[in-house]
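Here are a few exercises to work through at your own pace. Please have the structure open in your viewer before you begin.

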Amino acid sequence: MAGVQAEKDALKYAGMLTAESVKGDSAMAVMNAQMILDAEMAANQAVMDADDALDAAMMAKTAAEGLPEDDAERAGAIAAAERAIEEAMTEKDAAQAILDKNPLQADGTTPTTEVDSLRDAVAQVKDANKLADDYPMMPSAIGKRIAGEVMTAIAAATPGTNGTLAADTPRDGIMNDAADIGAMTWAMIVGEDDVMMKRLGTIDNTGALTAGNAEVSVASLEGMTASAVTSTTLTDGTIDADGGTTPGNYKGIVGAVICLGGTDGCKVTDGKLGAGWYFSPASPMELYVANPDMAGMYMVATMYATYGYWLTYTDGAASGVTLYSNTTANKANLNLGQAGTGDDATDVTARYSGSAVGISKRGDNSGQFTADVNLIAKFALAPTLRGSISNFQGGAVGSNWSVILNETALNASASFDTNGTTAGSGTPGVWTTQGYGPTPVDHDGDSTTDPQNQRPTGFHGRFSANFGDGAAAGAYTTRADD
């Protein structure tokens, strides 16, 4: 049993030795490789344990045969020992077979395309030639290989080109700063433990349930006031049959009220929805914030940025890194200039702070990092932006890593006409930015005057940086300090 478990462990970790399978984390690949070697040791130990059991059984038989021939227990003891010998030999052969299973095809020359044995898994970790210089260090060699691939990916990163999120985009490296504004998904508002998945169809933005077999998230509306969650008037009595839908608005969240009440349908009693009624949002991953004008209600969050990265792969090897930052908030008509004369013409500065996330390589290690970002904007007739990235945290960063985001002129849309440059104790890198904030507001109640542009609420962007002992590429988002 120990040998069988060792083989299962080895086969499991044999599929977790590429940059793609560990998402560029070299330390994880090293750990997985070591787990395969540990499995090999466990399989060897299983053979030795079976061998010890065989020796013990043979000694027991010898002891039984040494009993007096007239001893009533002698024959039974000998028979029991022989059974134990047979079982131990079977167990030893089975354990040895796990170690001996050949990963090569019948001709002994062409490896199988699939890892299907302990030996095959071990061969992924260490060279068959035990005299090879790196034989004892192959787990580290696997990590070094992945780190090299990540370095190639970082070098190929282009911060000036924003990545595009698609349905199949890996989400592991995608983040947002919505937590800074208290934004929540529908499931967080309802209570994630109360959300269920039902295979019903698709809820469109009007609250209609379209034909289909897609899973949608739903939560019970039992006990809620009918008028508070539906756009049509629901009166007391039997309202709908199983599967019926009506457009709804749950605490400001657009979706559909769906009857899942079975053959008895759904009821409204004393204006309250019965147990058969459920709500499903039109956009389950939309982010919402509390509506300041309506207690207990929510509205779509807009004043935040999404940011992150994802590795791209070729045959499991890291070959590129895509950087992404974006916002649905207003990115135009932001107030960057300082008009007027005299005291009104003085420069105005503002500070922004936030976080960065990305992929880095240092020495023979690679992996994800987080860091702090600080920006200083100068709002004037010639607006500029500068800053720094520091406090790098991760398994492949230097304790003294710091990136200077060199000052760059901002254009009318609070972005750069060309990429800025970064300084990180190595060759220069690149950084980009985009400001976002409120749309212009009517500041004087006069419809004949232009609305007043507002200062940026935040900046988001991408960057790459090089150090004497490594490199990094990532994305960031910041918000104005209070």
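**Two helices and a sheet**

H3 and H6 are roughly antiparallel to each other. The model is a predicted one, and the exercises start from this helix pair.

**Exercise 1.** Work out why H3 and H6 count as roughly antiparallel.

*Solution.* Begin with the angle: helix H3 (residues 26–65) and H6 pack at about 155°. Next, recall the cut-off, by which angles over 145 degrees count as roughly antiparallel. The pair is therefore roughly antiparallel. To complete the geometry, the axes lie 8 Å apart, and H3 passes H6 in a right-handed crossing.

**Exercise 2.** Find which residues of H3 meet which residues of H6, and sort them by character.

*Solution.* On the H3 side, take Ser26, Ala29, Val30, Ala33, Gln34 and Leu37. Facing them in H6 are Pro139, Ser140, Ile142, Gly143, Ile146 and Ala147. Sorting the residues of this contact gives eight nonpolar, four polar and no charged.

**Exercise 3.** Trace the open sheet and say which strands stand at its edges.

*Solution.* First, read off the order of the three strands, E1-E14-E15, with antiparallel pairing. Strand E1 (174–176) and strand E15 (317–327) each have a single partner strand, so both stand at the edges, with one side left without a neighbour in the sheet. From one strand to the next, the twist averages 10°.

Now look at E14 (residues 305–314), which ten bridges join to E15. Within this pair, tyrosine 309 stands opposite leucine 323 in E15. Finally, add helix H6 (residues 138–155): this helix packs on the sheet and touches E14 and E15. The direction of H6 makes about 45° with that of E15.

Technical notes. Residues are numbered from 1 along each chain as its sequence is written. This is a predicted model: local features need pLDDT of at least 70, side-chain atom pairs count only at pLDDT 80 or more; totals for chains, interfaces and linings use all residues. Side-chain values use heavy atoms; hydrogens and water are left out. Two strands pair if DSSP finds at least two bridges between them. Helices (H or I, at least four residues) and strands (E, at least two) are DSSP runs, numbered from the N terminus. Axes are lines fitted to C-alpha atoms, for helices over the stretch in contact, and angles run from 0 to 180 degrees between N-to-C directions. Contact means heavy atoms within 4.5 Å. Angles under 35 degrees count as roughly parallel, over 145 as roughly antiparallel, 65 to 115 as roughly perpendicular and the rest as oblique. A crossing is left-handed if the near helix is turned anticlockwise from the far one by less than a right angle, and right-handed if clockwise. Ala, Val, Leu, Ile, Met, Phe, Trp, Tyr, Cys and Pro count as nonpolar, Asp, Glu, Lys and Arg as charged, and the others, Gly among them, as polar.
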